[in-house]
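Colleague: I should like to learn how to read a protein model. May we look at one together?

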Amino acid sequence: GVAAPKADSGPQDSLVLLSPRQDESVGEQDYLVKGLVKDENAGVLVNERPARLDEAGNFQMSVRLKEGDNRIVVRITDASGASAVLTRTLTYVPPRR
């Protein structure tokens with residue numbers, strides 16, 4: 001028979017989102033999304049924009065936040081075309097002057 005792909009291993013296991021680790025509130029309008037990809041053949045999109053990976057698989061992308069809730073969507077797609085999505089909500093609270 002055909003072995004079914006294991007549900008516990010997939011593109012999501014290759015993606016480590018360093019920041020934001022979880023939903024958080026920030027006071028800066030420009031936020032640096034950072035992460036690490038353990039699969040050298042995978043591609044990463046941050047809010048549908050391609051992120052550049054270095055030789056070690058690190059990526060970062062600056063995202064401009066609007067006041068209030070901002071959705072950060074990080075999508076990894078591996079060589080086979082399988083993809084996984086991590087979503088975080090960043091709440092931008094501008095400093096009071």
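**The nonpolar core and the strands**

Modeller: The largest nonpolar core holds 20 residues, and those with the most contacts inside it are Val33, Val44, Val46, Phe59, Leu65 and Val74. Two or more residues come from each of the elements β1 (15-19), β3 (30-37), β4 (43-46), β6 (58-64), β7 (68-77) and β8 (83-92). Please bear in mind that this is a predicted model. As a general idea, nonpolar side chains in soluble globular proteins tend to be buried together.

Colleague: With which residues is Val44 in contact, leaving aside its neighbours within four places in sequence?

Modeller: Val44 is in contact with Val37, Arg49, Pro50, Ala51, Leu53, Phe59, Val74, Arg75 and Ile76.

Colleague: Which side chains along β6 are buried, and which are not?

Modeller: The side chains of β6 alternate. Phe59, Met61 and Val63 point to one face and are buried, whereas Asn58, Gln60, Ser62 and Arg64 point to the other and are not. Strand β6 runs antiparallel to β3, and seven bridges join the two. Phe59 in β6 stands opposite Gly35.

Colleague: In what order do the five strands of the open sheet lie?

Modeller: The order is β2-β8-β7-β4-β5, with mixed pairing. The edge strands, β2 (24-26) and β5 (49-50), each pair on one side only. Three bridges link β2 and β8 in the parallel sense, and Val26 stands opposite Tyr92 in β8.

Colleague: Why does Ser14 count as buried?

Modeller: Ser14 counts as buried because its relative accessibility is 15%, and the cut-off is under 20%. Ser14 belongs to helix α1 (residues 11-14). Not counting residues up to four places away in sequence, Ser14 touches Leu36, Val37, Lys38, Asp39 and Ile76.

Technical notes
Residues numbered from 1 in each chain as written. Predicted model: local features only at pLDDT ≥ 70, side-chain atom pairs only at ≥ 80, totals over all residues. Heavy atoms only, no water. Core = buried A, V, L, I, M, F, W, Y, C linked by side-chain atoms within 4.5 Å. Buried < 20%, exposed > 50% of the residue type's maximum accessible area, 1.4 Å probe, protein only. Helix = DSSP H or I, 4+ residues; strand = E, 2+ residues; numbered from the N terminus. Contact = heavy atoms within 4.5 Å. Pairing = 2+ DSSP bridges.
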